[in-house]
Each structure stands twice: as C-alpha cells, then as structure tokens.
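Subject: Structure handover

Hi,

Here is the structure for you to look through. My notes follow below it.

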Amino acid sequence: MVDTKDMALKPANEIQDLQYFGEFGGVNPSISDSATYTFLAAKTMLDTFEGQAEGCYLYSRHTSPSNMLLGEALAAMEFTETANVAGSGMGAITSVILQICDAGDHIVSSRTIYGGTYAFAKNFLPKFNIKTSFVDITNLEKIEAAITEKTKMIYCECVSNPLLEIADIRALSKIAKKHGIPLVVDNTFSPLIITPQKMGADITIHSLTKFINGTNDTVGGVVCGTHDFINALKSVNDGAAMLLGPVMDSLRSASILKNMRTLHIRMKQHSHNAKYLAERFEKDGLTVVYPGLESHKDHELFKSMYNAEFGFGGIMTVDAGSLEKANELMELMQAKNLGYLAVSLGFYKTLFSAPGSSTSSEIPEDEQAAMGLSDGIVRFSIGLDNDIERTYQSMKKCMETVHVL
Ligand SMILES: *Cc1c(COP(=O)(O)O)cnc(C)c1O
C-alpha cells in the first residue's frame, strides 16, 4: 500500500498513469450499458450477494464496471484504497453521514460549508435526532471542545464555501484521532491542489460536478476511503449508498473519466487566472479574498498543505459593498460576456453569484452575518481564459461603471 503521508506523492501522475485496454482494445474502456449482470453459475450469484465473489457485478445500483473505473481513478488521485461514485455530490455526502451516524449521534462540522450540506445537517438530520454543532473550523480549541461522547465525525471543507477559510487538515486529523472519530473532508474546491489523505483525513468527498468534470453537463459525486468503509457503504444489507440509491449512470461516469485526464491542465489555468485577477483587483483597492494573496489570513497554512504546482485554486470573492451593487455588477459582467451569472464552479467560462442570496441562502441571515458573509460578496469561479489581461481590463471597466471601483 502507498504511504499516504508522503508529501512528494503527485496526484496528477496517478491519473496520467491509468492505462486502459477496452473490451475491444479501445483506448477508452467500453461503457457498461447494463442494469443487471448474468451469472454462469448460481453459486456465484450467492457469493456476490455476500460480497465474496471477486470481480463479479450484480446490479448497477451496487456497482457497474464504468462506475468502478471512475471510482478507481478518483481513489488513485486521492491516494485512498478505493472509492464509490454517486449521482451527485449531495448523494455522496448524505450517504457518508447516514452510514456513520445512528439516531442520537452528533457531528462537529465547520460552520462555513456548502449550503446544501448545511441544510441537510441543520434541517434534515434532526428527523433522526442527529445533531450538528457548527463551529468556526479555524478555531481548533472550539472544535475539540464541541466533541462529546456522541460525536461520530469531524466534517469540513479544505477550502470553505464561500468564505474561503482554510481547514488545517493535519491539526483536525490529530483531534479526530485523539477522540477515535473520522475526519471527513469535502475537497470539491481543491482537487489535485490539496490531498487530504496525506495529512491524515479518513474520508475524502468530492462533488464531481465542479472542477473534476469541468464541463457543467452533469452532477456527480464520489466518496474516497478504505475498502472497509466503501464496502460498508455498498452493503446490500445496511449500506447507505446501496439502500438510498444515489447512483450515477454509466454513460456519465465514462464521460467524467475522460474529462479527468485534463484536470491538471485546467487546475493550473484556473489558479493562474484567479491569482492574476485577485492580485490586480486588490492593488486597485477592492476587498478581495483569495488564498493566494498574502493578505489572506491562512495564506501560510495553505502553502503548508498544497501541491504547489496547481496553485491556490480558481475561486475568489470580491466585496461589492451591497447586494444591489453586486447584482448590478454581475448583470453587467454577463452582458459584457465575461462569464455567466450562475451558481457552480469549475467551468471554462467564469461563473459568478452572490452567495448570500444563492448558494448560502439556506443559512439564516443573522448566522451569515455572524460568520462574516456580507451580502455584497460576489463569488467568482474564474474560467480558463487564455488572455487574462484582456479579461482584467474588461472586468475593471464593469467595476468602474457600477462604481464598485
Ligand atoms: C456543489 C457542492 C456540493 C454538492 O454537490 P452536487 O454535485 O451539487 O450535489 C458539495 N460540496 C461543495 C463544496 C460543493 O461546491
């Protein structure tokens, strides 16, 4: 097994080194276009149900060859033993939580997480009497103090949405280990850039919808972890993934696998462009949050964790001062073809939205204020623009027109 603590491990090499000889010798694996699978011997079917037959497929809600190949590619990238793909990021997140937690259990979670995850923990899990303490992830004492006997996991995002706070994965892992609970990390904002397993995370989750697929044509998710955990997730008797059924279609997993091959090139370009704009707009006097800026409070922490060649990521925020200004700016930037007023991230064009009124609108206004999420914040997912100086000039004109600059 690989030593996942080796910081020199290079995730992009793992993707490059994947080698396929398809069913007919194709350079791309054949797509498994079947919901169910035949058995030549009845005994093998029973063994497969009991999880004892190697390499056999049973039914596509459990596993399909295409989903297996995509999962193995993602496990290679994240240096985990294996992985299980899901039909969406939320499908991955919710099945992990419901697999680990029983009724009455408790979760310690970062308070700045994806709006859907927040809503699930805050509004849905109480149905099962599962409670969540939402804590400032950068305050390690408070995180540890929130852990009780009922706590079953620490949950966080490497780079939080939308405030871009950085979770200290090494320190959080130490706390989790001390209390005998897993550290579950959503790495959607920083694929290739951060490898949580190298720093002691137990389970890494992605929404494939964003950077990993990169073409905004589908939603998808993955859970990367140990054989034991992934098998438990897929158990026909009590596995959350198997029984809740958030399964991905084979046609989609085949297309995501192909897009993964250019992920390293895309991440470098997203990061290059975002850093360029963040630096220029900060110099112009705007309030910019970007982990690659020295003014970012966790800039040094980020540098102690990242795979440097992929930079600081493609997401930055700019404070337009008020929601009205933010809206005016976003509408003008869309009219000038600088990108789309849309949620999501990781697209070839820049996407922008005001998180307070969109992706984080599940978080009540007073809580938004408490966490420093002001309603004038515009979140940018910077695109793959080849001429970023041209983009900067055009964006700057928009900011001047609406008097943000
Ligand atoms: C989008 C997103 C999710 C949810 O993923 P879906 O594919 O939309 O279900 C979870 N976490 C983060 C950080 C996200 O950005």
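Which helix gives the most to the shell around the ligand? Helix α4 (residues 89-100) does, with three residues. Helices here are DSSP runs of H or I, at least four residues, and strands are runs of E, at least two, numbered from the N terminus.

Some ground rules. This is a predicted model, where local features need pLDDT of at least 70, side-chain atom pairs count only at pLDDT 80 or more, and totals for chains, interfaces and linings use all residues. Residues are numbered from 1 along each chain as its sequence is written, and side-chain values use heavy atoms, with hydrogens and water left out.

**The ligand**

The ligand is surrounded by 13 residues (each with a heavy atom within 4 Å of it). Met-90, Asp-186, Ser-207, Thr-209 and Lys-210 are the closest. Look for these pairs, each with an oxygen atom of the ligand:

- Met-90: a backbone N or O atom, at 2.8 Å from a ligand oxygen.
- Thr-209: a side-chain N or O atom, at 2.6 Å from a ligand oxygen.
- Lys-210: a polar side-chain atom, at 2.7 Å from a ligand oxygen.

On its own, the ligand has 380 Å² of accessible area (Shrake-Rupley method, 1.4 Å probe), and the protein covers 93% of that.

By class, the shell has four nonpolar, six polar and three charged residues. Ala, Val, Leu, Ile, Met, Phe, Trp, Tyr, Cys and Pro count as nonpolar, Asp, Glu, Lys and Arg as charged, and the others, Gly among them, as polar.

Best wishes

Conventions: Polar contact = N/O pair within 3.5 Å; in protein donor to acceptor, adjacent residues only side chain to side chain.
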